[in-house]
Amino acid sequence: MGIIKILHTLFGIFGNITGLFLFLAPMITFKRVIMNRSTEQFSGIPYVMTLLNCLLSTWYGLPFVSPNNMLVSIINGTGAGLEAFYVLVFLIFAPKKEKAKISGLLFVVLSIFSTVALVSMLALHDNKRKVFSGFAAAIFSIIMYGSPLSIMRLVIKTKSVEYMPFFLSLFVFLCGTSWFVYGLLGKDPFIAVPNGVGSLLGTAQLILYAIYRGNKGKGKKDIVRCYRGELANFKISCTDHNPGRRFYNCKHEKGDAACSGSSLEPSYFLPK
């Protein structure tokens with residue numbers, strides 16, 4: 001039993017380390033968002049769902065809810081702070097429609113956490129409090145791990161991993177596996193089950209990355225033809241003053257917009 005307890009603690013510490021890297025991994029993505037002043041095709045849903053998971057898991061790990069799980073509270077409390085920062089940055093730079101969607105989801109997330117915390121504190125005691133809080137944390141942990149499925153679908157569709165950062169996928173796998181073993185050793189299904197799911201989904205993401213890693217940034221591009229029948233280069237301005245404006249650069253002339261709109265055939269998609 002002594003060895004099991006030591007291993008339980010060691011996997012908890014390793015889970016804290018990999019969890020910290022998991023929560024820090026999006027820093028690369030948000031550096032890009034801030035520099036480009038745009039969220040591009042990145043989804044804000046994983047960060048909001050991760051925030052909910054961190055809040056519920058922090059609550060579940062507290063001594064008066066679930067004894068001997070303070071390691072769970074420490075890393076998830078840290079994660080909650082980081083995820084709150086990511087969500088704030090996303091809301092600042094997201095398009096209006098996406099901003100409204102994420103704001104609504106954030107309101108739902110905070111409402112769910114508040115409800116779980118109040119019900120477990122005021123209406124439940126001892127093991128019932130642990131079971132109720134554990135179920136809530138486990139359910140939303142699975143949802144959190146499943147939230148990148150939309151990005152995985154985009155990867156398969158575009159055959160590009162540009163919007164699925166490698167380190168995020170790697171640490172999803174490492175963190176999920178660590179806490180899965182921690183839950184098994186501690187005989188805690190509320191930790192083992194959702195993190196087992198996370199480990200499997202992390203593995204799936206790494207497999208996708210291995211398949212499409214050579215296609216990063218090589219999705220479909222707009223191709224246009226000028227009136228002389230030759231391909232012209234294409235780019236989009238994403239400034240706030242002129243969103244989505246198209247510029248063309250013709251081989252036969254110098255400077256942007258050398259070919260007028262009337263001399264260009266309708267654009268079409270052509271896989272590179």
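# A tour from salt bridges to the core

Start by selecting R32: at 26% relative accessibility, R32 counts as partly exposed (under 20% relative accessible area is buried, over 50% exposed and in between partly exposed, with a 1.4 Å probe and protein chains only). Before moving on, note that this is a predicted model, in which local features need pLDDT of at least 70 and side-chain atom pairs count only at pLDDT 80 or more, while totals for chains, interfaces and linings use all residues. Residues are numbered from 1 along each chain as its sequence is written, and side-chain values use heavy atoms, with hydrogens and water left out.

**Stop 1: the salt bridges**

Now add E40 to your selection. R32 and E40 form a salt bridge, with their closest N and O atoms 2.6 Å apart (the term means a side-chain nitrogen of Lys or Arg within 4 Å of a carboxyl oxygen of Asp or Glu). E40 is also partly exposed, with a relative accessible area of 29%.

There are two salt bridges in the structure, so select K101 and E98 next: their side chains meet at 3.4 Å, N to O. Both sit in helix α5 (residues 96-122), and because they are three residues apart, about one helical turn separates them. Helices here are DSSP runs of H or I with at least four residues, and strands are runs of E with at least two, numbered from the N terminus. K101 is partly exposed at 45% relative accessibility, whereas E98, at 18%, counts as buried.

**Stop 2: a buried arginine**

Move to R129, in helix α6 (residues 126-146). What is the nearest side chain of opposite charge to R129? That is D126, 6.5 Å away, and R129 is buried without a salt bridge. Lys and Arg count as positive here, Asp and Glu as negative, and His and the chain ends are not counted.

Show the backbone oxygens around R129. The R129 side chain reaches that of S120 at 2.9 Å and that of F64 at 3.2 Å. Leaving aside neighbours within four places in sequence, R129 is in contact (heavy atoms within 4.5 Å) with F64, V65, S120, M121 and L124.

**Stop 3: the nonpolar core**

Select F30, L52, L56, V87 and W179. Of the 49 residues in the largest nonpolar core, these touch the most other members. Such a core is a set of buried Ala, Val, Leu, Ile, Met, Phe, Trp, Tyr and Cys residues joined through side-chain atoms within 4.5 Å. Helices α1 (2-24), α2 (26-36), α3 (45-61), α4 (70-93), α5, α6, α8 (166-185) and α9 (189-212) each supply at least two of its residues.

Zoom in on V87: not counting residues up to four places away in sequence, V87 touches Y47, V48, I102 and L106. Another core, of eight residues, lies apart from the largest one and includes I151, M152, M164 and L208.

**Stop 4: two cysteines**

How many disulfides should you look for? The count is zero, by the rule of two cysteine sulfur atoms within 2.5 Å. Select C54 and you can see why: the closest cysteine sulfur, in C175, is 9.1 Å away, too far for a bond. C54 is buried at 0% relative accessibility, and C175 is buried at 5%.

**Last stop: T9**

Finish in helix α1 with T9, which is partly exposed at 36% relative accessibility. Draw a distance from its C-alpha atom to that of N68: they are 9.8 Å apart, although 59 residues separate T9 and N68 along the chain.

Definitions and conventions. A polar contact is a pair of N or O atoms within 3.5 Å; within protein, one must be able to donate a hydrogen and the other to accept it, and residues adjacent in sequence count only if both atoms are side-chain atoms.
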